[in-house]
Amino acid sequence: MSDYDPAAWTVSANESLFISLAEPTRALTFNPEFTYPIYGEAEQIFGYKDLRINLAFDCESLKPFIGVKFSSKLSEDVKKLDEELLKFLPKDDTLVQDEGKWLDSITEEKFEKPGIVVGTYPGTSKEDEDFVYEIRKFKPSEGGNGLSLHKRMQIFVLLFIEAGSYIEADDPTWDVYVVYKTPKNGGKSSFVGFTTVYSYWKYKGHTEHDEIEDKLQSKYRKKISQFIILPPYQHQGHGKRLYQHLFDEFLKDDTVEEVTIEDPSESFDDLRDRCDLERLDGAKFLTGLSKLPVTTEWLLAEKSKQKMDKRQFERCVEMSLLHALNNKGTSLEVSNLDTKQIRLQIKKRIYLKNRDALEEIPDESERKSKLHDAYERLQEDYIRILEKVKFINKRPLEDDDDTSASKKQK
Ligand SMILES: CC(=O)SCCNC(=O)CCNC(=O)[C@H](O)C(C)(C)COP(=O)(O)OP(=O)(O)OC[C@H]1O[C@@H](n2cnc3c(N)ncnc32)[C@H](O)[C@@H]1OP(=O)(O)O
């Protein structure tokens with residue numbers, strides 16, 4: 001009987017690819033979330049047994065190393081796995097090594113981290129005491145170490161962002177921000193994550209003269225395009241610190257008019273919501289709002305001040321009102337703040353967003369019930385998000401408050 005059983009020769013690509021960040025005394029190893037851009041839609045690899053594809057990076061320079069290990073190969077015609085990976089890495093800058101040898105040579109390269117330090121923050125845990133985290137900014141289009149690092153790290157976009165794709169590295173409108181964990185004693189740093197940001201020039205005028213005027217004023221819309229914290233560093237607040245840094249920088253910069261996010265994932269949406277709510281709360285942004293419903297004038301003026309896109313700003317207003325309703329001590333002077341007013345506020349936005357679909361429903365009560373269902377689902381999601389927001393003005397919930405959002409969730 002032949003040894004050919006297709007299932008025995010098929011393995012999960014996500015489970016067979018091991019990414020390592022090689023530090024001087026240890027390697028942090030983790031699996032990717034996606035491999036379909038590299039190994040095909042099904043994320044399966046055929047033709048090998050006991051397969052292990054090692055994709056290791058120097059922890060500071062991210063110089064890549066590939067080493068493929070397996071116990072047997074079905075035939076010489078099966079895909080060459082290192083070559084498939086190399087298509088997405090800087091080919092001349094990647095070492096392909098025999099199994100076993102690759103890890104030894106990894107941590108040698110001397111590398112000057114690119115860009116300028118635009119922010120630093122301390123770690124959150126005890127093990128982090130001897131380190132400081134630094135945020136560096138550079139343009140890959142300027143070449144040098146920034147371009148090398150960019151070319152080495154961009155494979156993480158394919159491996160961790162669904163439908164992620166490479167940016168045009170020679171386009172000077174791209175800025176890259178990277179986070180490094182740096183020992184206070186000056187030793188080797190470790191790469192933690194990065195984000196890429198695109199600047200759209202905002203042209204508002206209609207005539208040639210307007211265009212010149214606009215250019216002189218140089219107003220930009222920033223688009224946060226790719227945002228990754230590598231798995232060994234996730235859930236430690238680094239995403240939050242990097243996002244906070246971006247907003248702090250853009251709020252201070254008079255040339256920036258608005259900040260948008262390209263196609264955010266669910267986990268990024270949560271991060272964004274919570275950071276936006278904390279920032280807005282710190283800025284006491286609801287001051288000046290005396291009555292519901294929120295007027296369009298107030299909304300547009302405040303949204304511009306906060307440099308947020310309209311939908312995200314409206315969501316934050318709704319969540320902040322819900323929070324204020326359930327926390328009686330908040331410094332909010334809205335005279336008619338109650339459940340009904342907030343419900344109307346939220347329903348109005350949902351209605352306007354889904355107007356076409358809703359108006360196709362001929363029966364009014366069915367239309368109302370669809371709208372109400374959408375409102376309830378959104379309110380539940382808001383409560384989930386709000387539970388983890390650290391409001392400065394937070395007060396204990398009152399036990400006898402029937403409108404308590406957190407009670408509803410229990
Ligand atoms: C525009 C785009 O690119 S969209 C695509 C976004 N990127 C991805 O999806 C790629 C893969 N994922 C990632 O890179 C990261 O998981 C990100 C960017 C989504 C989040 O980054 P993180 O550094 O993990 O975020 P951060 O740690 O600040 O917060 C994440 C969670 O950790 C929790 N957390 C924060 N600090 C700590 C801590 N010290 N201890 C325990 N948990 C913590 C937060 O409360 C949050 O909880 P939640 O997930 O239940 O909401």
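These are my notebook entries on a sheet, a loop residue, a helix, a core and some cysteines. I'm working from a predicted model.

**Sheet**

I started with the strands. Five of them make an open sheet, and reading across it I get β3-β2-β6-β7-β9, with mixed pairing. The edges are β3 and β9 (95–96); each has a single partner strand, so one side of each is left without a neighbour in the sheet. Next I looked at how β2 and β3 go together. β2 covers residues 17–22, and its pairing with β3 is antiparallel, over four bridges. Across from Leu21 I find Leu28 of β3.

**Thr35**

Just along the chain I checked Thr35, which sits in the loop linking β3 (27–30) to α2 (36–39). Buried or exposed? Thr35 comes out buried, because its relative accessible area is 0%. What does its side chain make a polar contact with? The partner is the side chain of Asn14, at 2.4 Å. Leaving out residues up to four places away in sequence, Thr35 touches Ala13, Asn14, Leu17, Gly40, Glu43 and Leu159.

**Helix α7**

I did a quick length check on α7, residues 238–252. With 15 residues at 1.5 Å a residue, the helix should span 21 Å, and the end C-alpha atoms are indeed 21 Å apart, so the two agree. I also listed its buried residues: His238, Gly239, Leu242, Tyr243, His245, Leu246, Phe247, Glu249 and Phe250.

**Core**

Nonpolar side chains tend to be buried together in soluble globular proteins, so I went looking for the core. The largest nonpolar core holds 91 residues, and Phe156 and Phe191 have the most contacts inside it. Which helix gives the most to this core? That is α13 (residues 364–386), with eight residues. I then pulled the neighbours of Phe156, again skipping residues up to four places away in sequence: Ile19, Phe57, Leu62, Ile161, Phe191, Phe194, Ile228 and Leu230. So Phe156 and Phe191 touch one another.

**Cysteines**

Last, the sulfurs. How many disulfides are there? The count is zero. I took Cys275 as a case to look into. The closest cysteine sulfur to its own is in Cys316, 10 Å away, which is too far for a bond; the cut-off for a disulfide is 2.5 Å. Cys275 counts as buried because its relative accessibility is 4%. Cys59 is buried too, at 1% relative accessibility.

Definitions and conventions: Residues numbered from 1 in each chain as written. Predicted model: local features only at pLDDT ≥ 70, side-chain atom pairs only at ≥ 80, totals over all residues. Heavy atoms only, no water. Helix = DSSP H or I, 4+ residues; strand = E, 2+ residues; numbered from the N terminus. Expected span 1.5 Å × (residues − 1). Buried < 20%, exposed > 50% of the residue type's maximum accessible area, 1.4 Å probe, protein only. Polar contact = N/O pair within 3.5 Å; in protein donor to acceptor, adjacent residues only side chain to side chain. Contact = heavy atoms within 4.5 Å. Pairing = 2+ DSSP bridges. Core = buried A, V, L, I, M, F, W, Y, C linked by side-chain atoms within 4.5 Å.
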